[in-house]
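Thank you for making time for this at the group meeting. I would like to walk through one model, beginning with the overall fold and then turning to individual residues.

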Amino acid sequence: MRTAMFTPRAQNPGLAIGFMLMACAFIAASTLMAKLAGTARLGDPLHALQVSHGRFLFAWMLIASAALVVRLRLERPNLPLHAFRTLAGWGGVSLLFAAVAYIPMADATAISFLNPVFAMMLAIPLLGERVGPIRWGAAAIALVGGLILLRPTAAAFQPAALLALAAAVVMGIEITVIKLLSGREGTLQILFINNSFGLLIASAAVWPVWAQPSPAQWAALAGVGIFMACAQASYVNAMARAEASFVVPFAYATLVFATGFDALVFGSWPDAVSLAGAGVIVAGAALLAWREAQLKRRAADIGPKCLKNRPIAGCAGQSDTL
């Protein structure tokens, strides 16, 4: 049985922006719950692996319920690819949750925005993509922002920021694998399989560090998973109602929500270095997203011409040459 999630939606840019902003708020709220569970605010701090287990446990419960209601039928899933993608996703989120226990949410969130830069780099050997100077320039700008946030001086260096940087690298691997899955399977199927594998991996990893959570910590763990599942659903709905090139830049609002939540709950306000580093990362990542959108549009325009007028030089492998 097909669900409405698979049905093409009418284009509605205003609604798409609303869904994307909701996704940003949910992602920031999920990270906030992870920080509450991983620090001493609600009891003895829980290990990052236990926090990521809570993320997959409660997200799986929500998504599995939706799959049961619509009677989801799995259609030829690429299970090895799903397993590799989920392993990378679990590793990335575990590293991010470990980072936010020690550094401001705004810094960790900004550093995580480097993941499309690493995905671009990984796409060269793994997907055979060619990268031109514009995308290399955008990547360089974003990496300079990451270097600023790392504060590479003896007095200000934050070792925990390296955890956020590692999270961005691993999430970049996940994005690269998602490119291989995109367009091949339904959204709900991908979410269900991803969270099912994630729950298995997280359950095995959490066993050595498991500690009994307090009632407040259970609530925080539930929030991590439920908010993340809501973020995924909101993101899917946003992408279904507008072109990616239009709606994806609004995803950087996650940084605004993360900063606000961190300030309200932990009293942690970004300093000048944080603002500068975040601004440079967002500028580089936004330029990269703009260039990616241009290339996709070019590929969509050239594809039909290649089919109609073969052979055309360069049709077999369009690349970014600018």
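Before anything else, a word on one term: a residue is called exposed when its relative accessible area is over 50%, buried when that area is under 20%, and partly exposed in between. Please also keep in mind that what you see is a predicted model.

With that cut-off in hand, let me start in the loop between α2 and α3, where arginine 71 lies. Arginine 71 has a relative accessible area of 62%, so it counts as exposed. Its backbone deserves a look as well, since phi of arginine 71 is near 55°, a positive value in a residue that is not glycine. Arginine 76 is found in the loop between α2 and α3 too, and there phi is near 45°, again positive in a residue other than glycine. Arginine 76 is exposed because its relative accessible area comes to 81%.

Arginine 73 also has its place in the loop between α2 and α3, and with 60% relative accessible area it is exposed. What I would point out on the screen is the partner across the chain: arginine 73 and glutamine 189 are separated by 116 residues in sequence, yet their C-alpha atoms are 8.0 Å apart in space.

Let me now step back to the whole protein. The secondary structure consists of 12 helices and zero strands, so that, read from the N terminus, every element in the order α-α-α-α-α-α-α-α-α-α-α-α is a helix. Of the 322 residues, 45% count as buried. The accessible surface comes to about 15400 Å², and 70% of that belongs to carbon and sulfur atoms. As for how the chain meets itself, among contacts with a separation of 6 or more, 88% are made by residues 24 or more positions apart.

Which helix is largely enclosed by the rest of the structure? That is helix α4, residues 105-112, because eight of its eight residues are buried. The buried residues of α4 include Met105, Asp107, Thr109 and Ser112.

The helix pair I would like to show is α2, residues 48-69, with α8, residues 187-206, which pack at an angle of about 145° with their axes 8 Å apart. The crossing of these two, α2 and α8, is left-handed. On the α2 side the residues that meet α8 include Phe56, Trp60 and Ile63, and on the α8 side those that meet α2 include Leu191, Phe192 and Leu199. Taken over the contact of α2 with α8, the residues divide into 15 nonpolar, eight polar and one charged.

I turn next to charged residues, and to the question of where they sit. Arginine 85, found in helix α3, residues 79-100, is buried because its relative accessible area is 9%, which is under 20%. Setting aside neighbours within four places in sequence, arginine 85 is in contact with Glu174, Val177, Ile178, Ile190 and Asn194.

Aspartate 262 belongs to helix α11, residues 253-266, and with a relative accessible area of 1% it is buried. Not counting residues up to four places away in sequence, aspartate 262 touches Lys35, Pro104, Met105, Ala106, Gly267 and Ser268. Two of the names in that list, Met105 and Ala106, are also among the buried residues of α4.

Is glutamate 243 buried or exposed? At 52% relative accessibility glutamate 243 counts as exposed, and its place is in the loop between α9, 215-240, and α10, 244-247. Leaving aside neighbours within four places in sequence, glutamate 243 is in contact with Gln11 and Arg297. The first of these, glutamine 11, is 232 residues away along the chain, while the two C-alpha atoms are separated by 8.4 Å.

Finally, the cysteines: how many disulfides does the structure hold? The number is zero. Of the cysteines I would mention two: cysteine 24 is buried, because its relative accessibility is 1%, whereas cysteine 230, at 23% relative accessibility, counts as partly exposed.

Technical notes: Residues numbered from 1 in each chain as written. Predicted model: local features only at pLDDT ≥ 70, side-chain atom pairs only at ≥ 80, totals over all residues. Heavy atoms only, no water. Helix = DSSP H or I, 4+ residues; strand = E, 2+ residues; numbered from the N terminus. Buried < 20%, exposed > 50% of the residue type's maximum accessible area, 1.4 Å probe, protein only. Contact = heavy atoms within 4.5 Å. Areas by Shrake-Rupley, 256 points an atom, 1.4 Å probe, with all protein chains shown as cover. Axes fitted to C-alpha atoms, helices over the stretch in contact; angles between N-to-C directions. Left-handed = near helix turned anticlockwise from the far one by under 90°. Nonpolar A, V, L, I, M, F, W, Y, C, P; charged D, E, K, R; others polar. Disulfide = S-S within 2.5 Å.
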